[in-house]
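Me: Could you walk me through reading a ligand site and a pocket? I have the sequence and the model open here.

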Amino acid sequence: MTLDDLIYKPGLLQGERILVTGGGTGLGRVMAEAFLMMGADIYLCGRRGAVVEQTAQELVQQHGGRATGHACDVRQPEAVEQMIEAIWADGGALTGLVNNAAGNFVSRTEDLSMRAFDAVANIVMRGSFNLTLECGRRWLAEGRKASVLSILTTWVWNGSAFTVPSAMAKSGVHAMTQSLAVEWGNRGIRFNAIAPGLFPTEGMSARLNPQGGEHVRADNPMGRNGRMPELANLAVFLMSRQAEYLTGQTIAIDGGQYQATGGNFAGLASWSDQDWANARSAIESRNAADRQQRTA
Ligand code: NAP
């Protein structure tokens, strides 16, 4: 990514200190890169320490600034506490948290074990809560303003067959976003979320598109997948102080896909003009028959 990909003036996030969970790869890495380019100090965490450290190094080599990687499993409250303690000791309080770490894979729900359910739900739901609570308690005690961004999915609105643990857990974090925006709003702590459509990443392809191949949904109104700078620009905006009045929202960035496919009548998109004319005429006949009955 270069500065030309971002729509903001450099320095927009100067003085911000932002932790991105799962920031070593995929969308987390992209958002962290954009925050760094806009002047923030960034912290990345993931279970694989070598991956987050390498990403931090590469990003600093490319853009300058400060990036630090921490090996941390977001499911473990003690590990999360230790990491947050270390970050606070390393130059002061965080001003932002991005709950991005997740696991997911496709499976028929009847084939899932409880262990498989936990593998997904614990990263997304417990992990996001662990991080939010650990940072939130500190922000509240210190009287600091802060911004929390969670990376969800559009399934929080219409569910998701074959990835039910993820749909359940992401919906829980959507509820946390709305709830804490109200509970902690009067202390200046904002909560928002992004629900991305398809932004191809290695992690997503491996477990959600195991047959491989670049998968573009034929039913996407824009006819394409998301582009990383599009997501990065939205994330930068939501983390900036200029967006202070925006809270409690989950924002879809999916080319209009969930509206196109999520409703009960999605299949009607393939109707021809003649189909619509037939439907209109059938409805009008029914209306006329009803009117006749009422006046008889
Ligand atoms: P990804 O590259 O696989 O990213 C997942 C990241 O989470 C990895 O860096 C992984 O690192 C980390 N992680 C997993 N379990 C963890 C744990 N227990 N503790 C700490 N870190 C953990 O996939 P992605 O596509 O970028 O997904 C990023 C986010 O975007 C997810 O929340 C996903 O649901 C959401 N999303 C993505 C898309 C898309 O099209 N890509 C669409 C909708 C939503 P380690 O393995 O090293 O722990």
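**The ligand and its shell**

Reply: Happily! Around the ligand there are 26 residues, the closest being Thr-25, Arg-47, Arg-48, Asn-100 and Thr-201; a residue counts if one of its heavy atoms lies within 4 Å of the ligand. This is a predicted model, where local features need pLDDT of at least 70, side-chain atom pairs need 80 or more, and totals for chains, interfaces and linings use all residues. Numbering starts from 1 along each chain as its sequence is written, and side-chain values use heavy atoms, without hydrogens or water.

Me: Which polar side-chain atom lies 2.8 Å from an oxygen atom of the ligand?

Reply: A polar contact is a pair of N or O atoms within 3.5 Å. Here a polar side-chain atom of Arg-48 is 2.8 Å from a ligand oxygen. The backbone takes part as well: a polar backbone atom of Leu-27 sits 2.8 Å from a ligand oxygen, and a backbone N or O atom of Gly-197 is 3.3 Å from one. Alone, the ligand exposes 880 Å², of which the protein buries 90% (Shrake-Rupley method, 1.4 Å probe).

Me: How do I read empty space, and what is the volume of the second largest pocket?

Reply: Rolling a probe the size of a water molecule over the atoms shows where empty space is left. A pocket is an open set of points on a 1 Å grid over the protein atoms alone, where a 1.4 Å probe fits, with protein on both sides within 12 Å along at least five of seven lines; lining residues have an atom within 4 Å of a point. The second largest pocket has a volume of about 240 Å³, the space filled by probe spheres set on the points. Its lining has 15 residues, with Lys-145, Ala-146, Gly-188, Arg-190 and Glu-244 closest to the centre.

Conventions: A polar contact is a pair of N or O atoms within 3.5 Å; within protein, one must be able to donate a hydrogen and the other to accept it, and residues adjacent in sequence count only if both atoms are side-chain atoms.
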